[in-house]
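Welcome! Below is a short tour of one structure, starting with the ligand and its surroundings and ending with a single histidine.

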Amino acid sequence: MVEHIPVMINEVVEHLKQIPVPRVIVDATLGLGGYAESILTQFPDVLLIGVDRDEQALSMARDRLAAFGDRVHYYLVPFSRLVSVLEKEKVTPDGVVFDLGVSNLQLSLPERGFSFQQDGPLDMRMESSKEVEGLRASDVVNTFSEKDLADIFWKYGEERYSRRIASGIVRYRKENGQISTTAQLVEAIRASLPAPVQRKMGGHPARKVFQALRIFVNNELVELEEGLQAAIEKVADKGVIIVVSYHSLEDRIVKYAMRDWKNEGKGIILTRHPLIPTEKEIEENYKARSAKFRAFMREVDMEEDS
Ligand SMILES: C[S@@+](CC[C@H](N)C(=O)[O-])C[C@H]1O[C@@H](n2cnc3c(N)ncnc32)[C@H](O)[C@@H]1O
C-alpha cells in the first residue's frame, strides 16, 4: 500500500477557515486524497471537486474517499482545464488548492519511471493511462540534440553541469544505443561527470536532470500558469487560493502571479512570505523539506474600487 503523507495540511485547513462560508472547494491535485480527506472532515458541508491527471492516483483517491459519497466529484484532467470542469459543474469555488509536483505513488512505483533510485522504464508521464500517448522521457533523451538537452537541464533543473551531462548522454547513445531505463540514464549521467564533481554536487548527481525531464515531459510550468489563471478567474469573492510548491521554478511563478493579482486589485496576499514546514514536520516527513506555502484571498470589492 503506497502512502503519501500530506504536506502542510494544517496550514491548508487554517487558511481555508478564513473563507466566510465555504461550500465548494477544488482540490486541483487530488493525488492520494490526503488533503481531500482532511478538508471533507473539517468542513462537513463542503462539496469537493477533485482533479488529477493521473488515473492511478484518482482511482486510489476514490477508494480512500468512498465514505464521503457524492460530496466528492472526480475529474481525470490536467488542472489547466479547470475552467471547463467548473463550467460543467456550474459552480463557483470558494477555495482552490494546488499541491504541486509528483506524489509518492508516482515516485515509488518503478514502472512510472520517475525515480533515479529504482530501475524502471524511462517514462515520467503523469498520465498513467495507457491510452494517453504523450512524450516520454526516453523520447527526449534519445531523440533531442545535445544543445536542446542541455537547455532543458539548465532551464528546468537549474543544473550547472547541463552541457557536460548532455554531451555525456549523446556519447552514451552513440556507444550503447537507446537509453530506455532510469538506471541507464543514471549511468550515462554518472559517466559524464568526474568523481570529484559528483561529490561536490551534494545530493544525487541525477536529481536535477530527473526533475528537468519530468517538468518538460509534463509541461508542468505552463500547466501551473494556466491552472493559476483559471483559479483566479473562477474563485468566489472572499475565496482562497492556496499553492504548495516544491522547487524554486514553481515558487517563482506562484509568487509573481499573486503579486500581479494584488497589483491588479484582485485581492490580498495572505502570506507575505511563504510559509515553510515546521522542523517537526520535516523530521516526520523528509519529503516536506522543500515545501513553500502561499495563499491569496480574492476580493471583488477591491477590483471595483481600483
Ligand atoms: C503532491 S501530489 C498531491 C498529494 C495530495 N495533496 C495528497 O495529500 O494526497 C501531486 C498530484 O498532483 C497531480 N498533478 C500534478 N500536476 C498536475 C496537473 N497539471 N493537473 C492535474 N494534476 C496534476 C499529480 O498527478 C499528483 O497526483
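## Around the ligand

Of the 24 residues that surround the ligand, those that come nearest are D52, F79, D99, Q106 and E223. Please keep in mind that this is a predicted model. Sorted by class, the shell around the ligand is made up of 11 nonpolar, eight polar and five charged residues.

## Polar contacts with the ligand

Two of the nearest residues, D52 and D99, also offer polar atoms to the ligand. In D52, a polar side-chain atom sits 2.7 Å from an oxygen atom of the ligand. For D99, an N or O atom in the side chain is 2.7 Å from a nitrogen atom of the ligand. The backbone takes part as well: a backbone N or O atom of G34 lies 3.0 Å from a ligand oxygen atom.

How much of the ligand's accessible area does the protein cover? On its own the ligand has 610 Å² of accessible area, and the protein covers 98% of this.

## A closer look at H15

Let us turn to H15, a residue of helix α1, which spans residues 9-16. Within the protein, the side chain of H15 reaches the backbone oxygen of E11 at 2.9 Å.

Is H15 buried or exposed? Its relative accessibility is 10%, and buried means under 20%, so H15 counts as buried. Leaving aside residues up to four places away in sequence, H15 touches V240, I242, L270, T271, L275, F293 and A295.

Note on methods: Residues are numbered from 1 along each chain as its sequence is written. This is a predicted model: local features need pLDDT of at least 70, side-chain atom pairs count only at pLDDT 80 or more; totals for chains, interfaces and linings use all residues. Side-chain values use heavy atoms; hydrogens and water are left out. A residue is near a molecule or strand if one of its heavy atoms lies within 4 Å of it. A polar contact is a pair of N or O atoms within 3.5 Å; within protein, one must be able to donate a hydrogen and the other to accept it, and residues adjacent in sequence count only if both atoms are side-chain atoms. Accessible areas come from the Shrake-Rupley method with a 1.4 Å probe; for residues, only the protein chains shown count as cover. Ala, Val, Leu, Ile, Met, Phe, Trp, Tyr, Cys and Pro count as nonpolar, Asp, Glu, Lys and Arg as charged, and the others, Gly among them, as polar. Helices (H or I, at least four residues) and strands (E, at least two) are DSSP runs, numbered from the N terminus. Buried means under 20% relative accessible area, exposed over 50%, partly exposed in between (1.4 Å probe, protein chains only). Contact means heavy atoms within 4.5 Å.
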